[in-house]
Amino acid sequence: EELIMSMLIKHKPFNGRAEIVKPGLDGLKLISFDLLSLEKGMSHTEDAGTREVCAVILGGQCDLAAAGREWKNAGSRPDVFSGPATSLFIPAGNTFSVSASGGSTAEVALLRCEGGASGDPLFIPPESVKQNDRGKGNWLRRVHDIVDRDIPASRMLVGETHSPAGNWSSAPPHCHDIDNPPFESDHEEIYFFKCHPSQGFQLIRLYTDDRSLDVAHVVENNDTVVIDRGYHPVAAGPGYKGYYLWILAGESREILMRDDPCHKWLKEC
């Protein structure tokens, strides 16, 4: 991996486990992210410890196990562009394992959040993923909520955003930097990107009201962006479907987003 300006992380997948966003990176207090690329017969076992974990199968099939329970041949999509995800939510205090079981490489995201509550693991099949369209025009996108407030997590929220080619998401630009209910909540966030076809690209702008932060990144397949503050609109490149997996976490699981005052009119047009 290569770290650029403490925000953009480049990654080329390899067999095994890659620590993409390590705990505490760039001032993060809660969330981290590993990526598993497992050929058939390979496995990963982990003690969640004090963290709650969501294992999201990005592509391929896996045998999942946690707390004495097993879910064989989990995963029904070859890649993230082929329907909703299959996932397993693992509360703190549980040991879990992921083993590749299909004929192709299984790619699994491990999204973690400190301060998780104890409890029983919860299997989340594709049919349980809530899908909804947000925005309109060329900022229309589809959001898949995997771990929402109906899932008994302590702090994390997890989902996937799909953008048609050339469309924008996270629009109008919004931020969640401070606890100021009912106007804004404080949440950390990580985006993990995919493009279809895979040689494509997307753009993300990260900026604050006072422009003390104002950067734009070209993101390609398997890139990750850490969002610890600021507005963060994303655009999919022309001709390329855009996707990002996201984890968002804070002291509250109520998301109160503050729209950039310059652009909030998009919600009313």
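The following exchange concerns the open sheet and the nonpolar cores of a predicted model.

Visitor: What is the strand order of the open sheet of six strands?
Guide: Local features here need pLDDT of at least 70, side-chain atom pairs count only at pLDDT 80 or more, and totals for chains, interfaces and linings use all residues. Residues are numbered from 1 along each chain as its sequence is written, and side-chain values use heavy atoms, without hydrogens and water. Strands are DSSP runs (E, at least two residues) numbered from the N terminus, and two strands pair if DSSP finds at least two bridges between them. With antiparallel pairing, the order is β3-β4-β11-β6-β9-β12.

Visitor: Which are the edge strands?
Guide: An edge strand of this sheet pairs on one side only. The edge strands are β3 (16-21) and β12 (122-124).

Visitor: Which residue in β9 is the bridge partner of Ala-55?
Guide: Strands β6 (residues 51-59) and β9 (residues 86-90) pair in the antiparallel sense over five bridges. The partner of Ala-55 in β9 is Leu-88.

Visitor: Which strand supplies the largest share of the largest nonpolar core?
Guide: A nonpolar core is a set of buried (under 20% relative accessible area, 1.4 Å probe, protein chains only) Ala, Val, Leu, Ile, Met, Phe, Trp, Tyr and Cys residues joined through side-chain atoms within 4.5 Å. The largest has 34 residues, and Val-56 and Val-158 have the most contacts inside it. Strands supplying at least two residues each include β6, β14 (141-147) and β15 (156-163). The largest share, four residues, comes from β23.

Definitions and conventions. Buried < 20%, exposed > 50% of the residue type's maximum accessible area, 1.4 Å probe, protein only.
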